[in-house]
Amino acid sequence: MSDRNPNNLARRRALLQGLRFGGAAGVLALGGIGLKALAAPEEVRIKMTVKRFEFSQKELRVKKGVPVVVEIVSEDVPHGFAIPAFKARAEVVMPGKPTEVRFTPDQVGEFQYLCDIFCGSKHEELEGLLIVTA
Amino acid sequence: MTNSTIDRRQFLKLAGLGGAVFASGLPGFAHAQGAQDFYFVQLSDTHWGFEGEPNPDAKVTLEKAVASVNALSPAPDFIMFTGDLTHTTDDPAERRRRMGEFKEIIGALKVKDVRFIPGEHDASLDRGAAFKEFFGKTIYSFDYKGVHFVALDNVSDPAASLGQEQLDWLKADLAKQKPEARIVVFTHRPLFDLAPQWDWATRDGAKAVEIMMPYKNLTVFYGHIHQEHHQMTGHIAHHAAKSLIFPLPAPGSQPRRTPLAWNPQAPYSGLGFREIEIKAAYGAPEINELPVVKSA
């Protein structure tokens, strides 16, 4: 069978095209899997409120490496919200205006979050515990 | 810039000194014009109005401290209160009542040159309004016997910032000093991140320290943390004073910054005030810690 046979050439071109298409598709498919595998874990959103002198959640549980966004709103006066261990801080948490604080815990353990805007007689008790697990 | 916490022994070793003294600046200070030996007293965190188990003698502790200061011989040249004169209250009228009572008690001090800066308990809920009514400015400087003193306010902003306006003022105020001038700075909160998880920091304190860095003989005295503590940021020493109401735990040593329990066997232990001596021949202030009462 000669390669010069037009049927053979057509078949060969089709095969090559198929390979090219299949290869590209394969790369895309593999790439897709790879991107999915490499993509950051989905952000976890935690909604909470703060008032004098308590956070609605006195304890937060999150996973190491999983990005967190704390959406916090004050129910009375301006407050602060800070997690110093992860350098996460809201400039100010205003009444009725949700504020987002983002961080990704990179170590397991127990860490404090606190109000760091002096808010009254029991300001120093306005704190909570962040528990980061593996 | 590096931060380092040091104990008394290390501090003395670094300063090349012995005895119950501290040196904060560099030795070899050139004799400043008008410099004379003198000393002043720092009292801090009296929290007048506090009631609770950590100090069952809260109603008489300040009076006893006043008596101890009055017994000093020779008397200090002046007295500086570094904030939290009163314990906070949400009631503006009660705040003013406490400030009035505080002022009346310390009116018994024999030394009449008494200066103040606010703590967050005094000033953070009304941005210093009541404090200013009773004690005057919260930001100021003055010169005394060859030393330039600067009082900063890192509490009237409830977010614990000095603010750009005050930082600009500080820069302009210090710009009038030579790099080798002897300078003492008073604040309530630490200007560095001592224990941010306990809110023992100043949001923009690093900017203030940066402004201070060109000055070779500058020392910071502060309060807020209710214990003696000494830390360097570069060549600048920061000395925290004891409280006159209750001691707090060592920075970050436990999850919560709860007051240390009152010890009936040793009343007033962990409380006190300090003398700070400025010698004309040296650039470094010397510190002598004193108890509320001599038996403590």
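1. pLDDT is the predictor's confidence in each residue, on a scale from 0 to 100, and it is the right place to begin, since this is a predicted model in which local features need pLDDT of at least 70, side-chain atom pairs count only at pLDDT 80 or more, and totals for chains, interfaces and linings use all residues. Residues are numbered from 1 along each chain as its sequence is written, while chains are lettered from A and ligands numbered from 1 in the order in which they are written.

2. For chain A the mean pLDDT is 82, with 70% of the residues at 70 or more. Helices and strands here are DSSP runs numbered from the N terminus (helices H or I, at least four residues; strands E, at least two), and within chain A the confidence is lowest in helix α1 (residues 6–38), at a mean of 48, and highest in strand β4 (residues 68–74), at 98. Over residues 21–33 of chain A the pLDDT is below 50, and beyond near neighbours in sequence this stretch has zero contacts in the model, two residues being in contact if their C-beta atoms, placed from the backbone, lie within 7 Å. Residues 1–11 of chain A also stay under 50 in pLDDT, and for them the model has two contacts beyond four places in sequence.

3. The secondary structure of chain A consists of one helix and nine strands, and along the sequence the helix comes ahead of the strands, in the pattern α-β-β-β-β-β-β-β-β-β. Of the 134 residues of this chain, 25% count as buried; the criterion for buried is 20 or more other C-beta atoms within 10 Å of the residue's own, for exposed 12 or fewer, and for partly exposed a count in between, with C-beta atoms placed from the backbone. Among contacts in chain A between residues at least 6 apart in sequence, 61% join residues at least 24 apart.

4. Four strands of chain A form an open sheet of mixed pairing, in the order β2-β1-β4-β7, where two strands are taken to pair if DSSP finds at least two bridges between them. Its edge strands are β2 (54–55) and β7 (99–103) of chain A, each of which pairs on one side only. Five bridges link β4(A) with β7(A) in the antiparallel sense, and Val68(A) has Phe103(A), in β7(A), as its bridge partner.

5. Chain B holds seven helices and 12 strands, and of its 296 residues 47% count as buried. Among contacts in chain B between residues at least 6 apart in sequence, 73% join residues at least 24 apart.

6. In chain B, five strands make up an open sheet with mixed pairing, ordered β4-β3-β2-β11-β12. Because β4 (114–117) and β12 (286–290) of chain B stand at the edges with a single partner strand each, one side of each is left without a neighbour in the sheet. Strand β11 (residues 273–278) of chain B runs antiparallel to β12(B) and is joined to it by five bridges, with Phe273(B) standing opposite Leu290(B) in β12(B).

7. The largest nonpolar core has 68 residues, of which Ala65(B), Leu152(B), Val185(B), Met212(B) and Leu244(B) touch the most other members; such a core is a set of buried Ala, Val, Leu, Ile, Met, Phe, Trp, Tyr and Cys residues joined through C-beta atoms within 7 Å. Helix α2 (residues 58–70) of chain B gives the most to this core, with five residues. Leaving aside neighbours within four places in sequence, Met212(B) is in contact with Leu174(B), Val185(B), Leu218(B) and Ile236(B). Apart from the largest core lies another, of 24 residues, among them Ile83(A), Val93(A), Cys115(A) and Ile117(A).

8. Two residues of chain B may be set side by side. Ile183(B), in strand β7 (residues 182–186) of chain B, is buried because 24 other C-beta atoms lie within 10 Å. Its C-alpha atom is 4.7 Å from that of His148(B), although the two are 35 residues apart in sequence. Ala250(B), found in the loop between β10 (236–240) and β11 of chain B, has 13 C-beta neighbours inside 10 Å and so counts as partly exposed.

9. Between the chains, 14 residues of chain B are in contact with 12 residues of chain A. The side of chain B that touches chain A comprises six nonpolar, four polar and four charged residues, where Ala, Val, Leu, Ile, Met, Phe, Trp, Tyr, Cys and Pro count as nonpolar, Asp, Glu, Lys and Arg as charged, and the others, Gly among them, as polar.
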